[in-house]
Amino acid sequence: MCMGKPKYVEKECKHHGLTTYVLEGRNAYRCKQCRKEHVAEQRRRNKQRLIEEFGGKCSICGYDKYQGALHFHHLNPSQKSFGLGLRGITKGYDKLREEAQKCILVCANCHAEIHSGVGDR
């Protein structure tokens, strides 16, 4: 409880109908589902911006068809502060960009080959 208010309540959402609302830090309730959707959209936008800043394609083979198949590979694992794809981690864009600058943009296939030691990647 926060200031006497319960953490969760059932309320009517204009998008999701009767659903769970969560008490946020600003002492107001927000639809839990709307909140999750907003966070997911913000993560997609952040990744799209980073991908564009890093050339929009795999730096090894040039793949550029699906943003979900593009990964940021840390060149020096000892300098890694956090994984950019770690279960949808949410950080400010400046922190994401700072971490991405330690990486190269690669497709899922090239990334797998890098980690497996296949070829000269």
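Here is a short conversation about how some features of this predicted model get their labels.

Me: How do you know that Cys 110 is in no disulfide?
Reply: Good one to check! The nearest cysteine sulfur, that of Cys 107, is 3.7 Å away. A disulfide needs the two sulfur atoms within 2.5 Å, so Cys 110 is in none. A search of the whole structure finds zero disulfides. Cys 103 is in none either, with the sulfur of Cys 58 nearest at 13 Å.

Me: Why is Cys 110 called buried?
Reply: Its relative accessible area is 4%, and buried means under 20%, so the label fits. Cys 103, at 5%, counts as buried because of the same cut-off.

Me: What makes Phe 54 and Phe 72 an edge-to-face aromatic pair?
Reply: Two values decide that. The ring centres lie 5.3 Å apart, and pairing needs them within 6.5 Å. The planes make 85 degrees, and over 60 counts as edge-to-face. Phe 54 sits in the loop between α1 and β4, while Phe 72 is in strand β4, 18 residues apart.

Me: Why is Phe 54 called partly exposed, and Phe 72 buried?
Reply: Phe 54 has a relative accessible area of 25%, which falls between the 20% and 50% limits. Phe 72 is at 12%, under 20%, so it counts as buried.

Me: What makes Lys 11 count as lying over the face of Tyr 21?
Reply: Lys 11 is 5.0 Å from the ring centre, and the distance limit is 6 Å. Likewise, Lys 91 lies over the face of Phe 82, at 4.9 Å.

Conventions:
Residues are numbered from 1 along each chain as its sequence is written. This is a predicted model: local features need pLDDT of at least 70, side-chain atom pairs count only at pLDDT 80 or more; totals for chains, interfaces and linings use all residues. Side-chain values use heavy atoms; hydrogens and water are left out. Buried means under 20% relative accessible area, exposed over 50%, partly exposed in between (1.4 Å probe, protein chains only). Rings of Phe, Tyr and Trp (its six-membered ring) pair if their centres lie within 6.5 Å; planes under 30 degrees apart count as stacked, over 60 as edge-to-face and the rest as tilted. Helices (H or I, at least four residues) and strands (E, at least two) are DSSP runs, numbered from the N terminus. A charge sits over a ring if NZ of Lys or CZ of Arg is within 6 Å of the ring centre and within 35 degrees of the ring normal.
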